[in-house]
Amino acid sequence: MRLEDVAVRPGTVADADAVATVLAAAFADDPQFRWVLESLDSPALRLQRLFRLQVRREILPAGAVDVASVDGAVAGAALWNRPGQWQPPLLVQLRNLPGYLRVFGRRLWAAQRALRAIELAHPAEPHWHLAGIGVDPDLQGIGVGAVLLRHRLAVVDDDRLPAYLESSKPRNVAWYEQFGFEVRDQVALPAGCPATTTMWRPPQTSAR
């Protein structure tokens, strides 16, 4: 496969299942998800449910889903929150609570404690927020993620706004730095949960 074969397009509700499947596979070794889902059965299925819920009820209504496709099949996806909309309204959170309970079960309180620590570190100034990006494990390492990230960063730069993300994998920090992100902080999470690295990309002039 050549990178020229990768097409990036807006995601829709019809993509939710395929996007959830790809992201669940991409995040299967994520340190924080592994901690939250420890001792629970069917972690892969739970991750699929989580990403399906987020795509359908949180990201698509108020954010943006970028889908990388190859020959019509989903190869990767990036979930973005638009400026000022990184946190769902309280009513949306309450409506989604049963779905999160189905995902996390008895680990829901542990997941909420970790999420709360991450939310407290979130910057207040307007920015685009990268909520998650992942590529089919069979296609990782050849540049699909870079194509996805550059696609949205061009929009961010046109808006002359900063971008923000949380990296749960230390080895990914250097990768994000290639795109102009800078380490902002290390956020300590509940005991036993791996820390997260927050990263900030200052406004930049669009290259388009």
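Trp 175, Tyr 176, Phe 179 and Phe 181 come together as one aromatic cluster, and this is a good place to begin looking at the model, which is a predicted one. Two members of the cluster, Trp 175 and Tyr 176, form an edge-to-face pair, with 5.2 Å from centre to centre and 70° between the planes. The angle is over 60°, so the pair counts as edge-to-face. These two neighbours differ in how much of them is covered: Trp 175 has 26% relative accessibility and therefore counts as partly exposed, while Tyr 176, at 7%, counts as buried.

Let us look at the other aromatic rings. A search of the whole structure turns up 9 aromatic pairs. One of them joins Phe 27 and Phe 51, whose ring centres are 5.4 Å apart and whose planes make 45°, a tilted arrangement. This pair links distant parts of the chain: Phe 27 belongs to the loop between α1 (16-26) and α2 (31-36), Phe 51 belongs to helix α3 (residues 43-62), and 24 residues separate them. Are these two rings buried or exposed? Phe 27 has 15% relative accessibility, so this residue counts as buried. Phe 51 has 3%, so Phe 51 counts as buried too.

Some rings also have a charge for company. The charged end of Arg 107 sits over the ring of Trp 35, 4.8 Å from the ring's centre. Elsewhere, Arg 184 lies over the face of Trp 200, at 5.0 Å from the centre of that ring.

Now step back to the overall plan. The chain has 7 helices and 7 strands, and along the sequence they follow the pattern β-α-α-α-β-β-α-α-β-α-β-α-β-β. The 7 strands form an open sheet of mixed pairing, in the order β1-β2-β3-β4-β5-β7-β6. At its edges are β1 (6-10) and β6 (182-187), each of which pairs on one side only. Neighbouring strands in the sheet are turned against each other by 25° on average, direction ignored.

To see one pairing in detail, follow β1 to strand β2 (residues 63-70): the two are antiparallel and share 5 bridges. Here Ala 7 has Ser 69 of β2 as its bridge partner.

What packs on this sheet? Helix α3 does, touching β2, β3 (73-81) and β4 (128-135), and the direction of α3 makes about 120° with that of β2. Helix α6 (residues 144-158) lies across β1, β2, β3, β4, β5 (163-167) and β7 (196-201), and runs at about 165° to β4.

Helix α1 deserves a visit as well. Its buried residues are Ala 16, Val 19, Ala 20, Val 22, Leu 23, Ala 24 and Ala 26. An α-helix has 3.6 residues a turn, so residues three or four places apart point the same way. The buried residues of α1 are covered by parts that include α3, β2, β3 and β4.

Finally, consider the chain as a whole. Its C-alpha atoms fill a box of roughly 45 × 35 × 35 Å along the principal axes. A compact globule of 208 residues would have a radius of gyration near 17 Å, and the chain's 16 Å agrees with this. Of the 208 residues, 47% count as buried. Among contacts between residues at least 6 apart in sequence, 73% join residues at least 24 apart.

Technical notes
Residues are numbered from 1 along each chain as its sequence is written. This is a predicted model: local features need pLDDT of at least 70, side-chain atom pairs count only at pLDDT 80 or more; totals for chains, interfaces and linings use all residues. Side-chain values use heavy atoms; hydrogens and water are left out. Rings of Phe, Tyr and Trp (its six-membered ring) pair if their centres lie within 6.5 Å; planes under 30 degrees apart count as stacked, over 60 as edge-to-face and the rest as tilted. Helices (H or I, at least four residues) and strands (E, at least two) are DSSP runs, numbered from the N terminus. Buried means under 20% relative accessible area, exposed over 50%, partly exposed in between (1.4 Å probe, protein chains only). A charge sits over a ring if NZ of Lys or CZ of Arg is within 6 Å of the ring centre and within 35 degrees of the ring normal. Two strands pair if DSSP finds at least two bridges between them. Axes are lines fitted to C-alpha atoms, for helices over the stretch in contact, and angles run from 0 to 180 degrees between N-to-C directions. Contact means heavy atoms within 4.5 Å. The radius of gyration is taken over C-alpha atoms; the globule rule is 2.2 Å times the number of residues to the power 0.38.
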